[in-house]
Amino acid sequence: MIHKNTCSTQQKILGVGLICIDIIIRQGKSLRYYNGGSCGNVISALSFLGWDSDLITRRHEDIAGDILKINFDKIGVNHIEVGKKPSHTPRIIEKLTIKKGEYLGHDFLLKCPDCFQELPKLKLINTTEIKPIIQSLYRYGALYTDRISAGIRSLRDNFNQHGAWTIYEPNSFRNINAFLKNAKESTIVKFSSEKIPFEIANRLRSLADESKILIIVQTLGENGLRFCFRKRNKKLSSWINLPAQPITNLVDIAGAGDWCTAGTIINLLSIHPKSPNWLTENEVISALQYGQALSAISCSFVGGQGLIYADKNIDKITPAFEGIKMPSFKQIKPTNPRKTQLNKLCKTCLQYIS
């Protein structure tokens with residue numbers, strides 16, 4: 001069961017990082033075009049669950065970008081465009097394998113299997129591009145990012161200065177020193193054991209006493225997660241393990257970690273709208289279990305944002321929302337390209353074929 005939020009005050013969050021089109025390929029099924037990327041998923045989930053959610057994006061003036069904008073509008077995410085020149089919309093293809101109704105796994109592709117073109121990649125924002133929005137940052141209670149650039153660091157520093165939450169969910173540690181430095185300047189740090197091993201996680205914990213960090217979370221897949229948190233004495237706790245919550249109808253695990261993040265943010269920030277100096281173990285466990293419950297629910301749907309577009313099996317997941325406001329499930333439909341738009345385009349990745 002998801003734990004009840006203790007505060008009804010609506011929070012406002014800003015996200016910046018990986019925002020892309022997820023193109024989902026499933027044998028025998030039509031293509032699905034969902035908004036995706038860790039940042040796109042977390043911010044969309046928060047909007048779906050009632051938060052006032054904004055995203056910083058580049059200007060995308062291709063068909064994939066049109067789909068991205070329309071989907072965000074349907075979900076209620078405000079997108080703030082930066083940059084003078086338009087760029088190609090980032091894309092990721094998820095190839096989902098299901099046999100006889102059983103989920104067998106998925107692969108993420110960075111090259112189109114039909115036209116063999118490389119998929120456009122994310123171009124991170126720089127310091128100049130975020131200058132026009134710096135003056136409006138006081139409106140937000142939290143910043144979420146899954147990538148780091150000079151511009152994103154500038155945003156994070158501004159948020160830290162006015163006591164807001166800064167959530168950092170890195171997807172790798174290619175540069176260990178950079179990872180440690182950026183993690184130490186964030187209040188919540190969350191990552192997968194597949195991306196960042198325990199050795200590095202434990203090293204971060206050993207350095208975290210003199211940092212902004214309030215919580216470190218390492219997810220462990222089917223084994224749940226482990227976390228540590230800042231106690232009243234300002235020291236970080238030892239590692240604490242939480243088992244995974246059961247998945248009643250496994251369809252796809254893509255994006256499950258993003259729903260866990262969204263749930264953790266909602267629960268924790270409902271108690272502490274501003275970043276505190278320390279937390280209690282019960283507060284952290286409640287927040288993480290809330291996130292784990294949402295994560296388990298999301299696995300009953302295809303794609304990282306499949307829960308948002310749920311149009312069936314609602315009765316199966318309703319009990320999990322006992323004690324909190326139930327999402328509306330307003331029969332939102334994801335946007336697909338029109339046939340007239342596909343002339344000269346690859347029917348899968350929506351790029352021009354030369």
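This talk goes through the cysteines, two backbone outliers, the enclosed spaces, one buried threonine and the largest pocket of a predicted model.

Let me begin with the cysteines. A search of the whole structure finds zero disulfides, and it is fair to ask why Cys 20 has no bonded partner. The closest cysteine sulfur to that of Cys 20 belongs to Cys 39 and is 10 Å away, which is too far for a bond, given that a disulfide needs the two sulfur atoms within 2.5 Å. Seen from the other side, Cys 39 is likewise in no disulfide, with the sulfur of Cys 20 as its nearest cysteine sulfur at that distance of 10 Å. As for their surroundings, Cys 20 is buried, with a relative accessibility of 0%, and Cys 39 is also buried, at 0%.

I turn now to the backbone. As a reminder, most residues other than glycine have a negative phi. Phe 116 is not a glycine, and yet its phi is positive, at about 65°. Phe 116 sits in the loop that runs between strand S7, residues 102-109, and helix H3, residues 127-130, and its side of the story is an exposed one, since its relative accessibility of 59% lies above the 50% mark. Leu 350, again a residue other than glycine, has a positive phi near 65°. Where is Leu 350 found? Leu 350 belongs to the segment after helix H9, residues 314-317, and, with a relative accessible area of 4%, Leu 350 is buried, whereas Phe 116 counts as exposed.

Next, the enclosed spaces. How many cavities of 30 Å³ or more does a search of the whole structure find? The search finds two, and the largest of them holds about 50 Å³ of space. The lining of this largest cavity is made up of Ile 167, Ile 188, Lys 190, Val 217, Thr 261, Thr 264, Ile 265 and Leu 288. Two elements give two or more residues to that lining, namely strand S10, residues 188-192, and helix H7, residues 256-271, and H7 has the largest share, with three residues. Sorted by class, the lining of the largest cavity comprises five nonpolar residues, two polar ones and one charged one.

The second largest cavity encloses about 40 Å³. Among the residues that line the second largest cavity are Thr 57, Arg 58, His 60, Gly 65, Leu 68 and Lys 69, and the list also includes Phe 72, His 79 and Glu 81. At least two lining residues come from each of strand S4 (52-58), helix H2 (63-75) and strand S5 (78-82), with H2 supplying the largest share, four residues. By class, the lining of the second largest cavity holds two nonpolar, four polar and three charged residues.

Some of those residues come back when we look at Thr 89, which is placed in the loop between S5 and strand S6, residues 91-99. Is Thr 89 buried or exposed? Thr 89 counts as buried, because its relative accessibility is 0%, under the 20% cut-off. Its side chain makes a polar contact of 2.6 Å with the side chain of Asp 62, and a polar atom of that Thr 89 side chain also lies 3.0 Å from the backbone nitrogen of Gly 65. Leaving aside residues up to four places away in sequence, Thr 89 touches Ile 21, His 60, Asp 62, Ala 64, Gly 65, Leu 68 and Pro 120. Of these, His 60, Gly 65 and Leu 68 are also among the lining residues of the second largest cavity.

I will finish with the largest pocket, which has a volume of about 1600 Å³. Its lining consists of 49 residues, and those nearest the centre of the pocket are Ser 192, Ile 253, Gly 255, Ala 256 and Gly 257. The elements giving two or more residues to this lining are strand S2 (20-26), helix H1 (38-48), S6, S7, S10, H7 and helix H8 (281-298). Which element gives the most to the lining of the largest pocket? H7 does, with four residues, and H7 also has the largest share in the lining of the largest cavity. Divided by class, the pocket lining contains 21 nonpolar, 17 polar and eleven charged residues.

Note on methods: Residues are numbered from 1 along each chain as its sequence is written. This is a predicted model: local features need pLDDT of at least 70, side-chain atom pairs count only at pLDDT 80 or more; totals for chains, interfaces and linings use all residues. Side-chain values use heavy atoms; hydrogens and water are left out. Buried means under 20% relative accessible area, exposed over 50%, partly exposed in between (1.4 Å probe, protein chains only). On a 1 Å grid over the protein atoms alone, a cavity is a set of points where a 1.4 Å probe fits but cannot get out, and a pocket is an open set with protein on both sides within 12 Å along at least five of seven lines; lining residues have an atom within 4 Å of a point. Grid points are joined across faces, edges and corners, and a volume is the space filled by probe spheres set on the points. Ala, Val, Leu, Ile, Met, Phe, Trp, Tyr, Cys and Pro count as nonpolar, Asp, Glu, Lys and Arg as charged, and the others, Gly among them, as polar. A polar contact is a pair of N or O atoms within 3.5 Å; within protein, one must be able to donate a hydrogen and the other to accept it, and residues adjacent in sequence count only if both atoms are side-chain atoms. Contact means heavy atoms within 4.5 Å.
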